[in-house]
Amino acid sequence: MSAALDEARKGFTKDEIPVGAVIVVDGKIIARAHNLRESLIDPTAHAEILCIKKAAKKLGGWRLSRATLYSTLEPCPMCAGAVVHSRVKELVYGADDPKAGACGSIMNIASSAHLNHRVKVTAGVLKAECSEILKEFFKKLRNSKK
């Protein structure tokens, strides 16, 4: 999760919502990303999506069945869907997202019995640190609009 927080910090310096993600296979980080929605002018450029794409390219296939995805924020419905469809084995996230979280907060796509793949989910890892960077970012954003 520390590596995902490093990615979130990179996003913060680019005025992106500071969410970071890493994918680990066999104990090694194979992909890293942070949000780039503003930079790329792309609503799908969430850290998790970018990280999944990098991992698939690195592994040479879209099935990430040996992968653990670490994200500083609970994935949204789009990202949770990508986690399921890429067959990620495990998702570990830091901060809950009570407004858009799709891995337990407002819905649970990652573990839905209606889908053909379920992801093991571990929540709250480095939760305080993951929450703090988001709070700091939005405080900075509010202060810049005054």
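Modeller: A polar contact is a pair of N or O atoms within 3.5 Å, where within protein one atom must be able to donate a hydrogen and the other to accept it, and where residues adjacent in sequence count only if both atoms are side-chain atoms. This is a predicted model in which local features need pLDDT of at least 70 and side-chain atom pairs count only at pLDDT 80 or more, while totals for chains, interfaces and linings use all residues. Residues are numbered from 1 along each chain as its sequence is written, and side-chain values use heavy atoms, with hydrogens and water left out.

Colleague: With which side chain does the side chain of Ser71 make a polar contact?

Modeller: The partner is the side chain of Glu48, at 3.0 Å. Ser71 itself belongs to strand 3, which covers residues 67–73; helices (H or I, at least four residues) and strands (E, at least two) are DSSP runs, numbered from the N terminus.

Colleague: Is Ser71 buried or exposed?

Modeller: Residues are called buried under 20% relative accessible area, exposed over 50% and partly exposed in between, using a 1.4 Å probe and protein chains only. Ser71 has a relative accessible area of 0%, so it is buried. Contact means heavy atoms within 4.5 Å, and, leaving out residues up to four places away in sequence, Ser71 touches Met1, Val19, Gly20, Ala21, Glu48, Val92, Tyr93 and Gly94.

Colleague: Which side chain is joined to that of His34 by a polar contact?

Modeller: The side chain of Glu7 is joined to that of His34, at 2.9 Å. His34 lies in strand 2, residues 28–34, and counts as buried because its relative accessible area is 8%. Among the residues that His34 touches, not counting those up to four places away in sequence, are Glu7, Ala8, Val19, Gly20 and Leu50.

Colleague: What would a polar contact look like for a residue in a loop, and where is Asp42 found?

Modeller: Asp42 is in the loop between helix 2 (37–40) and helix 3 (47–59), and with a relative accessible area of 25% it is partly exposed. A polar contact of 2.7 Å joins its side chain to that of Thr44. Arg66 offers another case, in the loop between helix 3 and strand 3: this residue is partly exposed, at 47%, and its side chain makes a polar contact of 2.8 Å with the side chain of Asp26. Leaving aside neighbours within four places in sequence, Arg66 is in contact with Val24, Val25, Asp26 and Lys89.

Colleague: How should I read a pair of helices, and at roughly what angle do the axes of helix 1 and helix 5 cross?

Modeller: Axes are lines fitted to C-alpha atoms, for helices over the stretch in contact, and angles run from 0 to 180 degrees between N-to-C directions. Here the axes of helix 1 (residues 2–13) and helix 5 (residues 127–144) come within 11 Å and cross at roughly 5°. Helix 1 is therefore roughly parallel to helix 5, since angles under 35 degrees count as roughly parallel, over 145 as roughly antiparallel, 65 to 115 as roughly perpendicular and the rest as oblique. Helix 1 makes the contact through Leu5, Ala8, Arg9 and Phe12, and helix 5 through Glu129, Cys130, Ile133, Glu136, Phe137 and Lys140.

Colleague: Cys130 is in that contact, and I would like to know how many disulfides there are.

Modeller: A disulfide is a pair of cysteine sulfur atoms within 2.5 Å, and by this rule the count is zero. The sulfur of Cys79 has its closest cysteine sulfur in Cys76, 3.7 Å away, which is too far for a bond. Cys130 is in no disulfide either, as the nearest cysteine sulfur, that of Cys51, is 14 Å away. Cys79 is buried, at 0%, and Cys130 likewise counts as buried at 0% relative accessibility.

Colleague: What is there to notice about phi of Asp15?

Modeller: Most residues other than glycine have a negative phi. Phi of Asp15, however, is near 60°, a positive value in a residue other than glycine. Asp15 lies in the loop between helix 1 and strand 1 (20–25) and counts as partly exposed at 48% relative accessibility. Leu126 also has a positive phi, of about 55°, although it is not a glycine; its place is the loop between strand 5 (120–123) and helix 5, and at 30% relative accessibility it counts as partly exposed.
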